[in-house]
Amino acid sequence: MSDQELYKNLVILGGGIEACIEKKLTTPALILIYSAIDTVGWLDSEKRDATRDSFMSWVDRYLLKARPLQCSSGDLYAARCGLLHTFTADSALSFAGKARRIGYAWGKAKAEDLQRMIDLSNNSSKYVAVHVEELYEAWRLGLLAFTSDLNNDSSRRSKVYAKAQRFFS
């Protein structure tokens, strides 16, 4: 797979997210965002399959550095599991107290206002607020940093392109 084909697939994925956001399809947008994080985490890993570690490692290395959010990579992974597996904010990690549930702001709403309500209700250890569009922006900016790193490391780039050959096309 050429670099153009790899980037074309990632741009198409981003386009799907943007279309959902534009049409106010918040939950499908989130599902695509979490899938996009899984995809690039897998591409950047040494594993055959996407894993919790590949997701969280990519989030820590790229997404949260590109656009810091109030949540952790563990919070995002738990949110991903809850949404993709049960269409809820609940996951095994959140039930075990190992991750906070994410409350989402979207549109003109502000994550800071939602977080303030969470804090005032003394639930900061259980919940954290994230704006859907800020999460998407963090993925996009993280993706730019990731591809920049690939351009500077031919060995790593070759491994990513080899994995990307498995993409649907």
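A residue counts as buried when its relative accessible area is under 20%. Keep that cut-off handy, because aspartate 75 comes in at just 4% and so is buried. What you're looking at is a predicted model. Here's a quick tour of that aspartate, a pair of packed helices and two pockets.

**Aspartate 75**

- You'll find aspartate 75 in helix α4, which covers residues 73-86.
- With a relative accessible area of 4%, aspartate 75 falls under the 20% cut-off, so we call it buried.
- Which residues does aspartate 75 touch, once you set aside its neighbours within four places in sequence? Its contacts are Ala99, Arg100, Ile102 and Val128.

**Helices α7 and α8**

- Two packed helices are described by the angle between their axes and by the distance between those axes.
- Helix α7 runs over residues 132-151 and helix α8 over residues 154-164; they pack at an angle of about 120°, and their axes are 6 Å apart.
- Angles over 145 degrees count as roughly antiparallel and 65 to 115 as roughly perpendicular, so α7 and α8, at about 120°, are oblique to each other.
- On the α7 side, the residues that meet α8 are Phe146, Asp149, Leu150 and Asn151. Their partners in α8 are Ser154, Arg156, Arg157 and Val160.
- Sorted by class, this contact of α7 with α8 is made of three nonpolar, two polar and three charged residues.

**The largest pocket**

- To see where empty space is left, you can roll a probe the size of a water molecule over the atoms.
- The largest pocket holds about 270 Å³ of space.
- Its lining is made up of Asn9, Leu10, Ile12, Leu13, Thr39, Trp42, Arg166, Phe167 and Phe168.
- Helices α1 (3-22) and α2 (26-43) each chip in at least two of the lining residues.
- Which helix gives the most to this lining? That's α1, with four residues.
- By class, the lining of the largest pocket has six nonpolar residues, two polar and one charged.

**The second largest pocket**

- The second largest pocket has a volume of about 210 Å³.
- Lining the second largest pocket are Tyr7, Leu10, Val11, Gly14, Gly15, Glu18, Tyr136, Trp139, Arg140, Leu143, Leu144 and Thr147.
- Two elements, α1 and α7, give two or more residues to that lining.
- Leu10 is worth spotting: it's on the list for the largest pocket and on the list for the second largest pocket.
- Here the classes come out as seven nonpolar, three polar and two charged residues.

Note on methods:
Residues numbered from 1 in each chain as written. Predicted model: local features only at pLDDT ≥ 70, side-chain atom pairs only at ≥ 80, totals over all residues. Heavy atoms only, no water. Buried < 20%, exposed > 50% of the residue type's maximum accessible area, 1.4 Å probe, protein only. Contact = heavy atoms within 4.5 Å. Axes fitted to C-alpha atoms, helices over the stretch in contact; angles between N-to-C directions. Parallel < 35°, antiparallel > 145°, perpendicular 65-115°, else oblique. Nonpolar A, V, L, I, M, F, W, Y, C, P; charged D, E, K, R; others polar. 1 Å grid on protein atoms, 1.4 Å probe; cavity = no way out; pocket = protein on both sides within 12 Å on 5 of 7 lines; lining within 4 Å. Points joined across faces, edges and corners; volume = space filled by probe spheres on them.
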